[in-house]
Amino acid sequence: MADQSFCCDRRAILSAAGVVATGAALTGCSNAQRASDAASYNRRVQHTPTGPIASTADVPVGGGVIVESAEVVVTQPSEGEFKAFSSICPHQGCPVTQIDDGVIICTCHNSRFDIATGDVVSGPARKGLATRTITVDGEDVSLG
Ligand code: FES
């Protein structure tokens with residue numbers, strides 16, 4: 001009886017230790033992944049190519065264009081008013097892929113953002129798209 005009790009207690013202790021170790025490993029992975037995702041997101045948001053990234057002729061009124069090479073969305077909420085946002089979704093870092101009916105859409109988890117402000121229209125994203133500064137010179141749209 002005493003051996004069985006010791007055996008079961010030892011198994012319970014080893015099992016509990018395994019759960020604790022697994023939990024610690026998962027927490028460590030989770031924190032490391034979050035830090036990596038945040039660093040990647042910040043690098044991508046700060047990406048700034050030089051020269052024109054789009055032509056105003058390519059940006060429909062009430063819509064926009066996604067410039068993948070610059071990781072930017074250029075929109076024209078109303079005639080002659082141009083806005084730009086990071087194309088990297090603040091939810092988990094997917095690039096947005098669609099602009100439809102006045103919203104920028106990230107199809108990874110279906111977050112939607114306003115084309116005029118970049119604000120969240122519907123989640124799961126809790127933050128809006130980061131604003132990018134653009135200059136419009138004639139038909140050329142450039143960052144900065
Ligand atoms: S990464 Fe965009 S909605 Fe999740």
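Two residues are taken to be in contact if their C-beta atoms, placed from the backbone, lie within 7 Å. Among contacts in the protein chain between residues at least 6 apart in sequence, 41% join residues at least 24 apart. The structure is a predicted model, in which local features need pLDDT of at least 70, side-chain atom pairs count only at pLDDT 80 or more, and totals for chains, interfaces and linings use all residues. Residues are numbered from 1 along each chain as its sequence is written.

A look at confidence is a good place to start. The pLDDT, the predictor's confidence in each residue on a scale from 0 to 100, averages 78 over the protein chain, and 66% of the residues score at least 70. Over residues 1–29 the pLDDT stays under 50, and for this stretch the model has 0 contacts beyond four places in sequence. Where pLDDT is low, the predicted coordinates should not be read in detail.

The protein chain contains 1 helix and 10 strands, where helices (H or I, at least four residues) and strands (E, at least two) are DSSP runs numbered from the N terminus. Read from the N terminus on, the order of elements is α-β-β-β-β-β-β-β-β-β-β. Of the 144 residues in the protein chain, 22% are buried; a residue is buried if 20 or more other C-beta atoms lie within 10 Å of its own, exposed if 12 or fewer, and partly exposed in between, with C-beta atoms placed from the backbone.

Two sheets can now be followed strand by strand. Strands of a sheet pair through backbone hydrogen bonds, either parallel or antiparallel; here two strands count as paired if DSSP finds at least two bridges between them. One open sheet has 3 strands in the order E1-E10-E9, with antiparallel pairing. Its edge strands, E1 (52–55) and E9 (134–137), each pair on one side only. Neighbouring strands of this sheet are turned by 30° against each other on average, direction ignored; axes are lines fitted to C-alpha atoms, for helices over the stretch in contact, and angles run from 0 to 180 degrees between N-to-C directions. Antiparallel pairing of E1 with E10 (residues 140–143) spans 3 bridges, and serine 55 has aspartate 140 in E10 as its bridge partner.

An open sheet of 4 strands follows the order E5-E6-E7-E8, again with antiparallel pairing. E5 and E8 are the edge strands, each pairing on one side only. Here neighbouring strands are turned by 35° against each other on average, direction ignored.

Strand E6 (residues 103–106) has a covered face formed by Ile104 and Cys106, while Val103 and Ile105 make up the uncovered one. With strand E5 (residues 98–100), E6 shares 3 bridges in an antiparallel arrangement, and glutamine 98 stands opposite isoleucine 105. The E5–E6 hairpin has 2 residues between its strands, and aspartate 101 in the turn has a positive phi of about 55°. To strand E7 (residues 111–114), E6 is joined by 4 antiparallel bridges. Isoleucine 104 has phenylalanine 113 as its bridge partner in E7, whereas isoleucine 105 is partnered there by arginine 112. The E6–E7 hairpin has 4 residues between its strands, with asparagine 110 in the turn showing a positive phi of about 70°.

Valine 120 belongs to strand E8 (residues 120–122). Valine 120 is classed as partly exposed because 19 other C-beta atoms lie within 10 Å. Not counting residues up to four places away in sequence, valine 120 touches Ser111, Phe113, Ala125, Arg126, Lys127 and Gly128.
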